[in-house]
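Visitor: I would like a close look at a single part of this model. Please keep it brisk and stay with the backbone geometry and the packing around it.

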Amino acid sequence: MPPTIIKVVNKTSVREPQMGSRWPTHRLSAIIAGTGAHVPARVMTNADLEKIVDTSDAWITERTGMKERHIAAAGETASDVAMVACEKALAESKVKAEELDLIVVGTVTGDMPFPSTACVLQERLGASRAAAFDVSAGCTGFIYALSVAQQFVANGVYRTVLVVGVELMSKVTDWTDRSTCVLFGDGAGAAVLKAGKDTDTGILGTYLAANGHGGQHLYMPAGGSRHPASVETVQQRMHTCKMNGNAVFKVAVRNMADAVKHLLQETGLGIDDLALLIPHQANLRIIEATAKLLKFPSERVFVNIAKYGNTSSATTIIALDEARKAGLVHPGDNVMLVAFGAGLTWGGVLIRF
Ligand SMILES: CC(C)(COP(=O)(O)OP(=O)(O)OC[C@H]1O[C@@H](n2cnc3c(N)ncnc32)[C@H](O)[C@@H]1OP(=O)(O)O)[C@@H](O)C(=O)NCCC(=O)NCCS
């Protein structure tokens, strides 16, 4: 079944003045005003995993590029980890929580099935004016959340938006399954978007895509209306992540490369115009194969997978925060985030700093 392209590129636009309308009459751009990231304190190394399942540091390193990941403590929640990232992003952007118009959280491992983790964060941050909702797009969660938030800002509906990617995959991991338990880590990242007037910086374009037929390759069977929680679902480990790694690997490379090409085409930029490519950190081999397919130089691809593993919807925003704080992002740089995940979903966001 062919993939469904949900949405292609949102360029900042100039709107015509309308009587009584709140649409802006000038060009509005969603600017990244600040970012923050946080991971739980506990580090789990490949050597630690050797004691849990039949695996080895050599296999994990060679097949994935991962050396260690951070794992949440018992009782530590997605909102606990996200709070720290949000506070850092708000502090850097000099925005008070009460000034936020909207909070959008990309996650599939929120505090509870409902209410949304965005609402939990709204309360904990004291963002009393903000609307709040979660976006479910697997590991593409932050890209989807950022794209949705960008629409509100570019259309003049909201001026200040907090966008979060948070995942505690350790809470839905089958720790007896060596083919999945070595891959994931926990973490969160956040970005504050502000409306900028008549500037050529900010989000230049977004691209979102999905192919529901591929949902069978990466999913958690129970806990929803199809298989509500029962003794049987727990006994059969149906509340944990199931994955056909080989099937996901194959489409991941092609889809991430396609997302990069679409975004460049729609924004009129060339591959050489990209200062930095920040891909989803799921497997070093996937990252390398994508860069090779795009003929993009590996020294301009940001990789931190060895330290964190796959933090799902948090990988790209944790990486962007690290890249910025390491001085790798300069004024005027075009930086592209690109990811793929459960759904199947994939997409990208092109930002000029
Ligand atoms: C999961 C993944 C790392 C597996 O790597 P791979 O090279 O494809 O490995 P395979 O699945 O072909 O397995 C090769 C062998 O290694 C074994 N193996 C799997 N996990 C292992 C582990 N942790 N340690 C040691 N051996 C392992 C398999 O059992 C298999 O053994 P066999 O040949 O005796 O049957 C890789 O397919 C991948 O990264 N896929 C994408 C996953 C992903 O990105 N998921 C998140 C999406 S957001």
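Which residue follows H5, and what is its phi?

Guide: This is a predicted model. The residue is Gly156, and its phi is positive, near 80°. It follows H5, so the helix is the place to begin.

H5 covers residues 141–154. Its length can be checked. At 1.5 Å a residue, its 14 residues should span 20 Å. The expected span takes 1.5 Å times one less than the number of residues. The end C-alpha atoms of H5 are 20 Å apart, which agrees.

Next, its surroundings. H5 is mostly covered, with eleven of its 14 residues buried. Buried here means under 20% relative accessible area. Among the buried residues are Gly141, Phe142, Ile143 and Tyr144. Leu146, Gln150 and Val153 are buried too, as is Ala154.

What does the helix lie across? H5 lies across S2, S5, S6, S7 and S8. It runs at about 170° to S7.

Those strands make up an open sheet of five, in the order S2-S8-S7-S5-S6. The pairing is mixed. S2 and S6 (131–135) stand at the edges. Each has a single partner strand, so one side of each is left without a neighbour in the sheet. On average, neighbouring strands of this sheet are turned by 20° against each other, direction ignored.

Take the pairs in turn. S2 spans residues 28–38. Ten bridges join S2 to S8, and the two run antiparallel. Ile32 stands opposite Leu193 in S8. S2 is mostly covered: eight of its eleven residues are buried. S7 (residues 160–168) is joined to S8 by nine bridges, again antiparallel. There, Thr160 stands opposite Lys194 in S8.

H5 has company on the sheet. H4 lies across S5, S6 and S7. It runs at about 135° to S5.

Now the loops around these elements. Most residues other than glycine have a negative phi, and most peptide bonds are trans. Several places here depart from that pattern.

Start with the loop between S5 (102–106) and H4 (117–125), where Pro115 lies. A cis peptide bond joins Phe114 and Pro115, with omega about 0°.

Lys94 is found in the loop between H3 (78–93) and S5. Its phi is near 55°, a positive value in a residue other than glycine. At 71% relative accessibility, Lys94 counts as exposed, because the cut-off for exposed is over 50%.

Asp198 sits in the loop between S8 (186–197) and S9 (202–210). Its phi is near 45°, also positive in a residue other than glycine. Asp198 counts as exposed as well, at 55% relative accessibility.

One more cis bond belongs to another loop. Leu344 is in the loop between S13 (334–341) and S14 (345–352). The peptide bond from Gly343 to Leu344 is cis, with omega near -10°.

Back to the helix for the short version. H5 has end C-alpha atoms 20 Å apart, in agreement with the expected span. Eleven of its 14 residues are buried. It lies across S2, S5, S6, S7 and S8. Gly156 follows, with its positive phi near 80°.

Methods
Residues numbered from 1 in each chain as written. Predicted model: local features only at pLDDT ≥ 70, side-chain atom pairs only at ≥ 80, totals over all residues. Heavy atoms only, no water. Helix = DSSP H or I, 4+ residues; strand = E, 2+ residues; numbered from the N terminus. Buried < 20%, exposed > 50% of the residue type's maximum accessible area, 1.4 Å probe, protein only. Pairing = 2+ DSSP bridges. Axes fitted to C-alpha atoms, helices over the stretch in contact; angles between N-to-C directions. Contact = heavy atoms within 4.5 Å.
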